[in-house]
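Please open the model in your viewer and keep the sequence panel beside it, since this tour moves from one selection to the next.

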Amino acid sequence: MCGIVAYIGKKDAYEIVVKGLKRLEYRGYDSAGVALLTDGNLNLYKKQGKVANLEEFTKDKDKSGRVGIGHTRWATHGEPNDVNAHPHMSNNGEIALIHNGIIENYDSIKRELLTKGYTFQSETDTEVLTILVEDIKKNTNGTYAESLRLALQQVVGAYAIVMISKENPRQLIAARKSSPLVVGIGKDGDFFCASDATPIVEYTKKVVYLDDEEIAVLDLDDGLKLYSIDDVQKTPYIQELEIKLESLEKGGYDHFMLKEIHEQPRSITDCFRGRLNAEEAWVSLGGIKEYEQKMIDAKRIIMIACGTSWHAALVGEYLFEDLARINVEVEYASEFRYRNPIINEDDIVIAISQSGETADTLAALELAKSKGATILGICNVVGSSISRITDAGSYTHAGPEIGVASTKAFTAQVTVLTLMALSLAKKKGSISDTKFRTMLSELEIIPQKVQEILDINDKIKTISAEYKDATNALYLGRGSSFPVALEGALKLKEISYIHAEGYPAAEMKHGPIALIDEEMPVFVIATQGPSYEKVVSNIQEVKARKGKLIAIVTEGDEQVKEIADHVIEIPEADEHLIPLLATIPFQLLSYHIAVMRNCNVDQPRNLAKSVTVE
Ligand code: F6R
């Protein structure tokens, strides 16, 4: 939530900052703004809406300067308008600051600053912080860097901050706590800062991920200096980025979401590359190897996540329980962290998160850690906060996911969970050799099967056209297809704004069946497997009430074809692998329906990709 970018060096800051903001726009698009230092002036430009509005607004403005900060906002405090947009300036016009996060005690600080005569233009917590820095500087007569450090000792909450000052135009000051911040070390002695590495990668591969309560001073004369909030100097750990620039572009697709849906044969392959060999019958997740016995011995494993990642966790529960016979509980991170949960030292908590930055998931993990549990992570973003605080984990290797609606990250999470379940099952002896080998071979060819589904995109598009004007939709599935139904419903509602609900197919008769009439599309996963006949009965119940039925079936199915309004055939696969296939038609259906309704597919309203506020 909220994207921040900053540059200092010999290049034109505006271009770098605005290009970076476009890459970070998935983190929020309520407003955008930049501040540029040039010849002793601090020029500030802010505009409600997308970065494109800001560009239009700055067309005829002075955009010169080699030092700049920029922000794209997902509003928390104050409505999205020009005034509340970042950067924010101090009353004396000396400093400008951008912030991602929430200052929880901003109200009391603001009241005190008001008594001292300071004035506020916006309703934001960020302006309060900016003016607090100004006030501390006035009282202590120290530097602005020092004043920011002291200010951060007073604030409660989360922040990733970059600040510039007229006093020292050769310096950027950055700090973080619970919101991500990466520093890029340029080739010409220049520096970059951003919420993630995507705005930086085209200039440098050398980065430092700031840790909580660290302050970085990026000085053109003095280089990079890192301090703790208590003023202890630290040694920066410089890492090499692995992201490829092409992965940040649309590559000829109309939307990132469509590109990411089509990337899945490759992203699933990337996910199991080097971790699975069907011929030699082994599976190995290096990252968690030394924790496997502990996982097998654990009385329970708790999987925590939010949104789509929570749906992946539900699939994981089926896989772990059925294949490895390990007890799994799946929890919404936001509920878990506030419920005073019982956590024991022999518990294993696995956090699943694409971004690795979701505030609730991070806080839930920290809680589990404080109670002595072993904490593991399944993340997509390398170097993210969750991947850094966990004892161990496995990356999903899906590549950057830019579309706000998660697609390839979900299938990659499910792939990692499948590999984990298989590895644990093998080690524990809860799976027969034959079944193990069959599943490995089947998993290896899943990418081809995903491709076969992508090849019927035109058919799915035609079906989508029939339901583009629906106001409600139901998604039904049983077993591990139930989370797929939940995920299908979430995809539809978040990008097309059609109200949709996912249910276990058998639960329908306990309430939702009352909603079914001839207007109601019902999407059902009715693939071959142990619960096929039961699902067919549920389908009959829908048809008996004249609901419109769209069924995902196994290739060659005849029975459901007779009853359903539309069938989408997917290749046959082991029941444990069906989630990886059945989710693809739902992604495509949601995508096409949203496009037909003229919705902004990649940046749906009110959403942001990385939810770093609770
Ligand atoms: C939905 C979606 C969200 C995320 C959720 C968790 O398409 O993307 O529901 O899954 O915000 O995000 P991560 O996985 O980054 O923790």
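## Around the ligand

Begin by selecting E494 together with the ligand, where a polar side-chain atom of E494 lies 2.5 Å from an oxygen atom of the ligand. Bear in mind throughout that this is a predicted model.

Add K491 to the selection, and you will find one of its polar side-chain atoms 2.9 Å from an oxygen atom of the ligand; then add S355, whose side chain places a polar atom 2.6 Å from a ligand oxygen atom. Taken on its own, the ligand has 410 Å² of accessible area, and the protein covers 90% of that area.

Now widen the view to the whole shell, in which 15 residues surround the ligand, with S309, S353, S355, T358 and E494 being the closest. Sorted by class, this shell holds five nonpolar residues, eight polar residues and two charged residues.

Next, show the pockets if your viewer can do so, and look for the second largest pocket, because that is where the ligand sits. Two elements give two or more residues each to the shell around the ligand, namely helix 9 (307-324) and helix 17 (481-496), and you may wish to colour them.

Which domains give residues to the shell around the ligand? Colour domain 2 (250-444) and domain 3 (454-607) separately, and you will see that both contribute residues to the shell, so the ligand lies between them.

## Two loops to visit

Leave the ligand and select P87, which is placed in the loop between strand 4 (67-73) and strand 5 (88-89). Include H86 as well, and inspect the peptide bond that joins H86 and P87, which is cis, with omega at about 0°.

For the last stop, move to D39, found in the loop between strand 2 (31-38) and strand 3 (41-48). Here the backbone deserves a look, as D39 has a positive phi of about 50° although it is not a glycine.

How values were computed:
Residues numbered from 1 in each chain as written. Predicted model: local features only at pLDDT ≥ 70, side-chain atom pairs only at ≥ 80, totals over all residues. Heavy atoms only, no water. Near = heavy atom within 4 Å. Polar contact = N/O pair within 3.5 Å; in protein donor to acceptor, adjacent residues only side chain to side chain. Areas by Shrake-Rupley, 256 points an atom, 1.4 Å probe, with all protein chains shown as cover. 1 Å grid on protein atoms, 1.4 Å probe; cavity = no way out; pocket = protein on both sides within 12 Å on 5 of 7 lines; lining within 4 Å. Sits in = over half its atoms within 2 Å of the grid points. Helix = DSSP H or I, 4+ residues; strand = E, 2+ residues; numbered from the N terminus. Nonpolar A, V, L, I, M, F, W, Y, C, P; charged D, E, K, R; others polar. Domains from an automatic or database assignment.
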